[in-house]
Amino acid sequence: MKIGFLALSDIRAHDPELLELGLTLPGFVERSKQIAALPSLGLLYLAAVTPEGHELAYFEAPRAGDESDELLGCDLVAISTFSAQIREAYAIADRLRAAGVVVAIGGLHATVLPDEARRHADHVVVGEGEHVWPAVVRATERGEGGRIWRASEFPPIDLATLPVPRYDLLGARPYNRFTVQTSRGCPWRCEFCASSVMLSERYRRRPVEHVVRDVRAVLALRPDAFIEFADDNTFVDKRWGKELCRALAPLGIKWFTETDVSVADDPELVDLLAESGCRQLLIGLESPEASALGGLEQRADFKARRAGDYERAIDTLQSRGVTVDGCFILGLDRHEPTIFDEVYDFARRTALYEVQITYLTPFPGTPLYARLEREGRLLAPGDWERCTLFDVLYQPKRMTADELRAGFHDLTKRLYSHAALRERRGAFFARRIA
Ligand code: B12
Ligand code: SF4
């Protein structure tokens with residue numbers, strides 16, 4: 001069979017004012033360029049576990065309608081889904097099926113709403129795909145009808161058995177960065193989190209030598225690749241984290257990952273991060289003060305407990321040359337309209353190299369979605385295409401939706417202006433220990 005793997009690329013936002021700002025503000029443009037072009041690691045894993053004897057091709061489409069006609073020549077197409085592009089994914093799936101192509105849909109959105117996805121796909125996969133996908137391929141070969149497949153019907157995935165993702169299928173596409181995974185899941189449970197905690201309950205790490213093997217596979221294809229670890233929370237286990245950094249150091253790469261603030265607790269780990277080429281850590285700070293964070297992380301109130309350490313942690317990392325991308329969520333229930341100034345002042349005071357602001361977003365399947373639905377506060381239930389992190393989808397508690405939008409726009413202009421960037425980065429370089 002000819003099997004196609006289709007990802008929707010590019011980023012999404014619908015607020016016209018924000019879109020206009022995004023096109024002009026230097027800080028925004030820089031960050032968007034970095035993240036807009038990343039391959040779908042999930043599909044490259046599926047390609048790697050596809051039974052032998054099939055012809056495989058990887059496709060990307062920035063929007064529905066832009067997909068390659070070559071897809072129509074496939075026998076089976078696997079489509080990966082996030083909420084924000086789900087309607088586009090369904091439109092493509094409908095067109096492919098009308099042309100006789102068997103369509104399988106999986107990923108974060110299909111995992112939480114499989115019945116919805118089944119209206120547009122023959123096969124829908126709930127959860128991690130590596131064990132289910134070979135069964136879907138064999139069922140298609142046998143001409144069997146589609147169904148909803150659940151990863152829980154198969155043995156759990158031991159990350160030590162994961163093969164090298166099929167990076168070779170990416171061809172010569174111009175990516176800024178290449179993704180590799182070091183771990184899956186996260187021990188915490190933030191109310192809003194729609195990451196891979198949706199796919200599997202447990203936090204699991206990969207053997208360090210396998211991570212190195214995969215990085216080497218990327219480097220063999222693109223010798224100067226910048227590596228982005230597609231993890232939820234890389235440095236939960238500090239001992240393993242140090243082992244990882246020691247193993248990465250000889251590769252001479254530059255890399256980025258996402259983790260929580262506890263990464264800065266261990267000075268030896270911080271030194272190893274710097275020595276191994278870690279250029280940036282994205283840390284979900286969510287709000288500058290503990291007062292707004294209470295209850296947000298639902299297992300141990302981790303975020304509220306650690307808010308007092310934020311400034312020290314940022315300084316510890318940045319003074320060693322590891323830049324921090326501090327992420328803030330605007331519109332938490334305890335946020336008053338003063339929050340916009342608080343975030344601006346915090347970023348300035350701490351000389352955050354990178355700042356990311358997003359709206360609190362009720363992704364389907366999250367505890368946040370269920371709570372806001374119960375409280376009658378969802379403004380557009382089911383409007384999945386607006387699950388972009390840059391569109392207001394609910395009634396905030398201590399301000400109006402318009403106030404939230406206006407404050408967000410204003411903060412965007414202030415945070416990402418030339419002057420603010422120059423000031424924060426100047427302070428970062430001045431503080432950095434040579
Ligand atoms: C890399 C990345 C991107 C990249 C690449 C996306 C891609 N095509 O894969 C880019 C930059 C394009 C991107 C864009 C966006 N992203 Co993004 N991104 C990530 C990131 C950092 C890692 C994803 C990843 O590689 N995971 C690892 C792989 C192995 O897992 P996976 O893709 O889920 O695949 C597994 C299973 O889901 C399943 N599977 C997946 N697809 C399929 C298909 C079939 C047929 C089968 C059988 C199985 C299957 O099997 C795979 C292996 O087990 C996550 C955050 C995180 N830390 O996880 C956010 C994340 C996925 N992104 C998110 C968002 C919101 C966006 C944007 C909407 C942002 C925006 N405003 O534009 C856009 C979406 C638009 C679009 N193009 O789709 C949210 C999604 C939430 C949700 N539930 O929808 C996340 C979780 C971040 C967050 N803050 O919440 N993103
Ligand atoms: S710490 Fe990050 S990855 Fe972990 S549950 Fe919270 S938001 Fe999700």
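## Two domains, two ligands and a helix pair

The protein chain is divided into domain 1 (2-27 + 39-153) and domain 2 (176-360 + 396-431). The model is a predicted one. Each domain is made of two stretches of the chain, as the residue ranges show.

**How the domains meet**

The C-alpha centres of domain 1 and domain 2 lie 28 Å apart. The two domains also touch: 13 residues of domain 1 are in contact with 16 residues of domain 2. On the domain 1 side, helix H1 (16-24), H2 and H5 each supply at least two of the touching residues. By class, that side has 8 nonpolar, 3 polar and 2 charged residues.

**Ligand 1**

Where does ligand 1 lie? Both domain 1 and domain 2 give residues to the shell around ligand 1, so it lies between them. There are 48 residues around this ligand. Coming nearest are Ile11, Gly42, Ser80, Gly106 and Gly129.

Several helices and strands help to build the shell. Three strands each supply at least two residues: E1 (2-8), E3 (76-81) and E4 (102-107). Helices H2 (26-36), H3 (41-49), H5 (108-112) and H7 (132-141) also supply at least two residues each. H2 and H5 therefore appear twice in this account, because they serve the ligand 1 shell as well as the side of domain 1 that touches domain 2.

**Ligand 2**

Which residues surround ligand 2? Four of them are Cys186, Trp188, Arg189 and Cys190. Next along the chain come Cys193, Ser195, Val197, Asp232 and Asn233. Asp260, Gly284 and Glu297 complete the list.

The table sets out the two shells by residue class.

| Shell | Nonpolar | Polar | Charged |
|---|---|---|---|
| Ligand 1 | 26 residues | 15 residues | 7 residues |
| Ligand 2 | 5 residues | 3 residues | 4 residues |

**Helices H9 and H10**

Now to a pair of helices. Helix H9 covers residues 238-248, and helix H10 covers residues 267-275. Their axes are 9 Å apart, and the helices pack at an angle of about 25°. Why do they count as roughly parallel? Angles under 35 degrees are classed that way, so H9 and H10 are roughly parallel to each other. The crossing of H9 with H10 is left-handed.

Which residues meet here? H9 brings Lys238, Gly241, Lys242, Cys245 and Arg246. H10 brings Glu268, Leu269, Leu272 and Leu273. By class, this contact has 4 nonpolar, 1 polar and 4 charged residues.

Conventions: Residues are numbered from 1 along each chain as its sequence is written. Chains are lettered from A and ligands numbered from 1 in the order in which they are written. This is a predicted model: local features need pLDDT of at least 70, side-chain atom pairs count only at pLDDT 80 or more; totals for chains, interfaces and linings use all residues. Axes are lines fitted to C-alpha atoms, for helices over the stretch in contact, and angles run from 0 to 180 degrees between N-to-C directions. Helices (H or I, at least four residues) and strands (E, at least two) are DSSP runs, numbered from the N terminus. Angles under 35 degrees count as roughly parallel, over 145 as roughly antiparallel, 65 to 115 as roughly perpendicular and the rest as oblique. A crossing is left-handed if the near helix is turned anticlockwise from the far one by less than a right angle, and right-handed if clockwise. Two residues are in contact if their C-beta atoms, placed from the backbone, lie within 7 Å. Ala, Val, Leu, Ile, Met, Phe, Trp, Tyr, Cys and Pro count as nonpolar, Asp, Glu, Lys and Arg as charged, and the others, Gly among them, as polar. A residue is near a molecule or strand if its C-beta atom, placed from the backbone, lies within 6 Å of it. Domain bounds come from an automatic or database domain assignment.
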